Each structure stands twice: as C-alpha cells, then as structure tokens.
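Colleague: Before we discuss this chain, may I see its sequence and its model together? I should then like to ask about the packing of the interior, the strands and the overall form.

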Amino acid sequence: MNAGKRILIIEDDQEISRLLSVILTKSQMAPVAAFSGTEGLLQLQNNSFDLILLDLMLPGKSGEELLTEIRGKSSIPIIIISAKVDVEDKVKVLKMGADDYITKPFNQEEVMARIEVQLRKAGFYQQKSVEMDWRELKIHTEKRLVTLNEKEIQLTNAEFDLLTFFMNNPERALSKKEIYESIWKGTYYGDDNTVSVHVSNLRKKIAEVTDTEYIKTVWGVGFMFV
C-alpha cells in the first residue's frame with residue numbers, strides 16, 4: 001500500500017541516514033537523503049514527498065527552523081527523530097507542528113509503524129470524502145480543509161486528525177489514553193504531553209477566530225468537544 005512513497009530523510013549522521021534508508025527500502029518506499037537543513041529545504045523546493053523524517057540538530061539550518069518554515073507552507077506529515085530526550089524539547093516541536101516524535105536510539109519496527117500510521121492517515125483522508133460540521137466548524141476531509149465562521153484554519157496533520165476525532169465524538173468525555181491510541185495508534189504509557197500539546201495548539205487556532213469554547217477540559221479524565 002505504501003510502495004513507492006517518497007520519504008525525505010533530513011539527518012546529518014550518515015550512518016543513521018543510511019539505516020533509515022535501508023528500513024524504508026525494505027518496505028518498498030523511496031527514501032531521499034539530505035544531510036543539512038539547507039539541503040533538506042532545497043529538496044522540498046524542487047521535489048514532492050509524502051513524509052519527512054527530521055533531525056533537530058542539523059548544520060546550515062536547524063530542524064526547528066526548518067520545521068517552522070515547512071509548516072508555513074505545507075501540512076506534509078513530519079516525524080522528528082532526535083537525540084533530544086527532554087520533555088521540553090518534545091513539547092516545543094509538537095507545538096511547532098510536528099506530527100510525531102521519536103527519540104534516538106530508536107527501534108526500527110517502531111519507526112516503520114509510526115511512518116505507516118502517518119501515511120495511512122494521510123491516504124485515508126485523500127480517498128474518503130466526508131464533510132462534517134459542528135456549530136460553526138466545518139471539515140472537508142478530502143481537501144483537508146477546516147473553516148470556522150467561514151474563515152479557513154490552517155492545521156497540521158495531527159491537529160486535523162484530533163479535530164476530526166473530536167467531531168466524531170461530540171459531548172463525550174474522552175480520556176488522553178483514548179485520544180492518543182485512536183490518533184497515534186500506539187500504546188499509551190502515561191501522560192507524555194503529546195495529547196495536551198496538540199489540544200492546546202488546536203484551542204489557540206480556534207481562539208484566533210472566535211471566543212466560543214469548543215474544547216473543554218474534563219479534570220481527571222481528559223477533554224470534551226462541546
């Protein structure tokens with residue numbers, strides 16, 4: 001299903017880049033390597049890709065700078081693969097628009113599973129055309145378009161998936177575990193801030209358009225779409 005998918009690997013460590021390329025090639029995907037932030041940006045300007053694997057500590061242009069620049073133009077899935085293990089670093093890039101975060105050293109099967117999750121979600125919304133609305137919010141899944149009060153809201157893939165999940169489950173208290181396992185398709189091992197950060201990002205973007213509350217915190221449980 002993912003055969004031929006073009007994956008851009010932006011990683012300055014040649015051994016890690018080579019390992020990721022081998023993993024992707026075994027799954028019949030088409031990896032393209034860039035060894036600096038500047039080279040990665042050049043690849044994105046001249047070619048199209050289905051997903052990006054992005055290191056943070058890069059020469060030329062840092063991963064954080066590149067992430068910000070990409071998110072200003074595109075909602076392409078971006079998975080961070082970094083040696084930075086502090087929660088603050090993870091929260092920072094998730095707030096900046098990364099869809100997922102994997103720490104080094106990584107498990108090869110986990111990397112592939114997370115890549116497949118992001119590609120599957122992107123493919124699902126491209127193939128299945130659904131229009132949803134809740135109060136003044138409207139979603140068009142095929143176009144991955146969200147409008148609020150007839151104004152378009154730019155969302156990352158993770159934010160779009162989160163909003164879609166909320167709209168499919170309105171006025172129901174949803175635990176962080178349920179949200180995480182439904183969207184990121186992995187096992188939830190406790191509060192690592194992933195869900196909270198994406199909810200916070202979504203709230204901020206909604207608040208830029210309206211004062212009306214759409215996502216309510218349910219203390220001790222999680223969140224509710226109201």
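Colleague: Which residues does L163 touch, if residues up to four places away in sequence are not counted?

Modeller: This is a predicted model, in which local features need pLDDT of at least 70 and side-chain atom pairs count only at pLDDT 80 or more, whereas totals for chains, interfaces and linings use all residues. Residues are numbered from 1 along each chain as its sequence is written, and side-chain values use heavy atoms, with hydrogens and water left out. A contact means heavy atoms within 4.5 Å. With residues up to four places away in sequence left aside, L163 touches L137, I139, V146, L155, L202 and F225.

Colleague: How many residues does the largest nonpolar core have?

Modeller: A nonpolar core is a set of buried Ala, Val, Leu, Ile, Met, Phe, Trp, Tyr and Cys residues joined through side-chain atoms within 4.5 Å. Buried means under 20% relative accessible area, exposed means over 50%, and partly exposed lies in between (1.4 Å probe, protein chains only). In the largest such core, L137, L163, F166, I179 and F225 have the most contacts inside it, and its residues number 29.

Colleague: Which element supplies the largest share of this core?

Modeller: Helices (H or I, at least four residues) and strands (E, at least two) are DSSP runs, numbered from the N terminus. At least two core residues come from each of β6 (131–134), β7 (137–140), β8 (145–148), α6 (157–168), α7 (176–183), α8 (194–207) and β12 (222–225). The largest share, seven residues, is supplied by α6.

Colleague: How many residues make up the second, separate core?

Modeller: The second core is separate and includes I10, L66, V91 and V93. Its residues number 22.

Colleague: What is the C-alpha to C-alpha distance between L137 and T147?

Modeller: L137 lies in strand β7 and is buried, with a relative accessible area of 0%. Its contacts, not counting residues up to four places away in sequence, include M132, V146, T147, L148, L163 and F225. L137 and T147 are ten residues apart in sequence, while their C-alpha atoms are separated in space by 5.8 Å.

Colleague: Which strands stand at the edges of the sheet that contains β7?

Modeller: Two strands pair if DSSP finds at least two bridges between them. By that rule four strands form an open sheet with antiparallel pairing, in the order β6-β7-β8-β9. Two of them have a single partner strand each, so one side of each is left without a neighbour in the sheet; these edge strands are β6 and β9 (151–152).

Colleague: What angle does the direction of α6 make with that of β7?

Modeller: β8 and β9 run antiparallel and are joined by two bridges, and T147 has E152 in β9 as its bridge partner. On this sheet packs α6, touching β6, β7 and β8. Axes are lines fitted to C-alpha atoms, for helices over the stretch in contact, and angles run from 0 to 180 degrees between N-to-C directions. Taken in that way, the angle between α6 and β7 is about 115°.

Colleague: Which residues of β6 point to the face where the side chains are buried?

Modeller: In a regular strand the side chains alternate between the two faces of the sheet. β6 shows this alternation: E131 and D133 point to one face and are not buried. The residues that point to the other face and are buried are M132 and W134.

Colleague: Which residue in the turn between β6 and β7 has a positive phi?

Modeller: β6 and β7 pair in the antiparallel sense over four bridges, with D133 opposite K138. The two strands form a hairpin with two residues between them. The turn residue with a positive phi, of about 55°, is R135.

Colleague: Which residue in β4 is the bridge partner of L53?

Modeller: Strand β3 (residues 51–54) is covered on both faces, with L51 and L53 buried on one side and I52 and L54 buried on the other. It pairs with β1 (residues 6–10) in the parallel sense over four bridges, and I9 stands opposite L53. Three bridges join β3 to β4, which also run parallel. In β4, the partner of L53 is I79.

Colleague: What is the radius of gyration of the chain?

Modeller: The chain has eight helices and twelve strands, and 49% of its 226 residues count as buried. The radius of gyration is taken over C-alpha atoms, and the globule rule is 2.2 Å times the number of residues to the power 0.38. For 226 residues a compact globule would have a value near 17 Å, and the chain agrees with this, having 17 Å.
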